[in-house]
Amino acid sequence: MIGRSACTLFLALLLSVSAVQAEEGGRKGIAFVQAPEMSSGVCTGANADEAFACARKQCVDGGGTDEDCVAMSYCFPALYSVEVSILHKEGLHWEEFYCGWESKEAALAAAKVACDRERRPDLAECAAVFLYDEDGNGEEVPQE
C-alpha cells in the first residue's frame with residue numbers, strides 16, 4: 001500500500017508535469033471583461049492575471065471606467081469560447097461567456113444549452129453572438 005506522503009508527492013509531480021507541458025505547448029488562457037452598456041475586452045495570456053489585465057485595458061480604452069470593467073470569465077486552456085447575449089423578460093440585458101470547448105461546434109452547443117427556454121423560461125431573447133479561438137480572434141455568429 002502506498003503511503004499518504006507518496007500519493008501526495010505523486011499528485012504534486014503529476015500536476016507540475018501537466019503545467020510544464022501546457023506552458024511548453026504555448027497554451028494560453030482567455031479572459032473576458034465587461035462594463036455593462038459601455039465596453040468590453042477579450043484577451044489571451046499565459047496566466048489569468050496577464051489575460052485579465054489586457055482585457056481590462058481594452059475595456060477601459062473602449063469607453064468603460066476602471067470601476068465598471070468587471071472580470072467575467074477565464075478559461076485555461078482557452079480553446080474555443082462563445083459569447084451569449086441575453087435579454088430577460090423584465091428588460092435586463094447581459095452577456096454570458098462559455099469557454100474551454102474543443103471545437104466551434106461544441107462552443108455553439110454550449111450556447112444552445114444556455115439559451116434553452118425550457119430550462120430558462122424567463123428569457124425574452126438569447127443568442128450566441130461571438131465565437132473566439134484559442135488566440136482570442138473573434139468572429140460574429142450568423143443569426144438564423
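## Exercises on a predicted model

Asp-61 is exposed, with a relative accessible area of 55%. That residue opens the first exercise; please keep in mind throughout that the model is predicted.

**Exercise 1.** Find the salt-bridge partner of Asp-61 and say how the two are placed along helix H2.

*Solution.*
- Step 1: Begin with the accessibility of Asp-61. Its 55% lies over the 50% cut-off, so the residue counts as exposed.
- Step 2: Look for a nitrogen close to its carboxyl group. Lys-57 supplies one, with 2.7 Å between the closest N and O atoms.
- Step 3: Place the pair in the fold. Both residues sit in helix H2 (residues 48–61), and because they are four residues apart, about one helical turn separates them.
- A thought to take along: side chains of opposite charge can pair when their charged atoms come close.

**Exercise 2.** The structure holds six salt bridges; work out which parts of the chain are linked by the one between Arg-27 and Glu-134, and then do likewise for Lys-104 and Glu-139.

*Solution.*
- Step 1: Check the distance for the first pair. Arg-27 and Glu-134 come to 2.8 Å, N to O.
- Step 2: Locate the ends. Arg-27 belongs to the loop between helix H1 (4–24) and strand S1 (29–35), while Glu-134 is in the loop between strand S6 (123–132) and strand S7 (138–140); the two are 107 residues apart.
- Step 3: Consider exposure. Arg-27 has a relative accessible area of 32% and is partly exposed, and Glu-134 is partly exposed as well, at 21%.
- Step 4: Turn to the second pair. The closest N and O atoms of Lys-104 and Glu-139 are 3.0 Å apart. Lys-104 is in helix H3 (residues 104–114) and Glu-139 in strand S7, so this bridge ties together parts 35 residues apart in sequence.
- Step 5: Add the exposure here too. Lys-104 is partly exposed at 32%, and Glu-139 is partly exposed at 37%.

**Exercise 3.** Identify the largest nonpolar core and decide which element gives the largest share of it.

*Solution.*
- Step 1: Collect the members. There are 11 residues, including Val-82, Ile-86, Ala-107, Cys-115, Leu-123 and Val-141.
- Step 2: Sort them by element. Strand S4 (80–88), H3 and S6 each give two or more residues.
- Step 3: Pick the main contributor. S6 provides four residues, the largest share.
- Step 4: Zoom in on one member. Setting aside neighbours within four places in sequence, Leu-123 has contacts that include Ile-86, Leu-87, Trp-94 and Ala-114.
- Step 5: Do not stop at one core. Another lies apart from it and has nine residues, among them Ala-31, Ala-35, Cys-43 and Cys-59.
- For context: in soluble globular proteins, nonpolar side chains tend to be buried together.

**Exercise 4.** Describe the fold as a whole and say where the predictor's confidence is below 50.

*Solution.*
- Step 1: Count the elements. The protein has three helices and seven strands, in the order α-β-β-α-β-β-β-α-β-β along the sequence.
- Step 2: Gauge burial and surface. Of the 144 residues, 33% count as buried; about 9,100 Å² is exposed, 55% of it supplied by carbon and sulfur atoms.
- Step 3: Examine contact range. Taking contacts between residues at least 6 apart in sequence, 51% join residues at least 24 apart.
- Step 4: Read the confidence. The average pLDDT is 86, and 83% of the residues score at least 70. Residues 1–22, however, fall below 50, and beyond near neighbours in sequence this stretch has three contacts in the model.

Definitions and conventions:
Residues numbered from 1 in each chain as written. Predicted model: local features only at pLDDT ≥ 70, side-chain atom pairs only at ≥ 80, totals over all residues. Heavy atoms only, no water. Salt bridge = Lys/Arg side-chain N within 4 Å of Asp/Glu carboxyl O. Buried < 20%, exposed > 50% of the residue type's maximum accessible area, 1.4 Å probe, protein only. pLDDT = per-residue confidence, 0-100. Contact = heavy atoms within 4.5 Å. Core = buried A, V, L, I, M, F, W, Y, C linked by side-chain atoms within 4.5 Å. Areas by Shrake-Rupley, 256 points an atom, 1.4 Å probe, with all protein chains shown as cover.
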